[in-house]
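Dear colleague,

Please find below the structure that I agreed to pass on to you. My notes on it follow directly after.

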Amino acid sequence: MVYSLVVGTLLVIINQGDVIMQGDLTWWHGLKIPLTYLVPYTVSTLSSVGAMQNSVKS
């Protein structure tokens, strides 16, 4: 979870930083920012589940 917060924050800064700094946030940005956090969390979770399943099979 910590990694997804760090990666998500970096991605928000990279992708939406200029809009945030200019104060031009729209509802669309309000939707994209949480999704930016959700993607690394999902990848991390699915990777962990896959690793655990492979460990159990071995």
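Leaving aside its neighbours within four places in sequence, with which residues is H29 in contact? Before I answer, please bear in mind that this is a predicted model. Once the neighbours within four places in sequence are set aside, the contacts of H29 are Q16, V19 and D24. H29 itself belongs to helix α2. Its relative accessibility is 13%, so H29 counts as buried, the cut-off being under 20%.

Overall architecture

The protein chain holds two helices and zero strands. Its radius of gyration is 15 Å, well over the 10 Å that the globule rule gives for 58 residues, so the chain is more spread out than a compact globule. Taken along the principal axes, the box filled by the C-alpha atoms is roughly 55 × 20 × 15 Å. Of the 58 residues in the protein chain, 17% are buried. The accessible surface amounts to about 4600 Å², and carbon and sulfur atoms account for 71% of that surface.

The two helices

Helix α1 covers residues 2-22, and helix α2 covers residues 27-57. For the 31 residues of α2, a rise of 1.5 Å a residue predicts a span of 45 Å; the C-alpha atoms at its ends are 45 Å apart, which agrees with that expectation.

Where do the buried residues of α2 pack? They pack against α1. The residues in question are H29, I33, T36 and P40. As a general point, an α-helix has 3.6 residues a turn, so residues three or four places apart point the same way.

On the α1 side, S4 deserves a mention. This residue is placed in helix α1 and counts as buried, because its relative accessibility is 7% against a cut-off of under 20%. Setting aside neighbours within four places in sequence, S4 is in contact with Y37, P40 and Y41. P40 thus appears both among the contacts of S4 and among the buried residues of α2.

Residues of α2 that are partly exposed

Three further residues of α2 may be set beside H29. W28 is found in this helix and, at 42% relative accessibility, counts as partly exposed. G30, also in α2, has a relative accessible area of 42% and is likewise partly exposed. The C-alpha atoms of G30 and N15 are separated by 13 Å, the two residues being 15 residues apart along the chain. K32 lies in α2 as well; with a relative accessible area of 27%, K32 is partly exposed. From K32 to T9 the distance is 12 Å, C-alpha to C-alpha, while 23 residues separate the pair in sequence.

The nonpolar surface patch

Which residues form a nonpolar patch on the surface? The patch consists of M1, L5, W27, W28, L31, L35, L38 and Y41, which together have about 890 Å² of accessible area. The most is given by α2, with six residues. Two members of the patch have been met above: W28, which is partly exposed, and Y41, one of the contacts of S4.

In summary, the chain consists of two helices without strands, with the buried residues of α2 packed against α1 and a nonpolar patch on the surface to which α2 gives the most.

With kind regards

How values were computed: Residues numbered from 1 in each chain as written. Predicted model: local features only at pLDDT ≥ 70, side-chain atom pairs only at ≥ 80, totals over all residues. Heavy atoms only, no water. Helix = DSSP H or I, 4+ residues; strand = E, 2+ residues; numbered from the N terminus. Buried < 20%, exposed > 50% of the residue type's maximum accessible area, 1.4 Å probe, protein only. Contact = heavy atoms within 4.5 Å. Expected span 1.5 Å × (residues − 1). Rg over C-alpha atoms; globule rule 2.2 N^0.38 Å. Areas by Shrake-Rupley, 256 points an atom, 1.4 Å probe, with all protein chains shown as cover. Patch = residues over 30% accessible without salt bridge, like charges linked within 9 Å, V, L, I, M, F, W, Y side chains within 5 Å. Salt bridge = Lys/Arg side-chain N within 4 Å of Asp/Glu carboxyl O.
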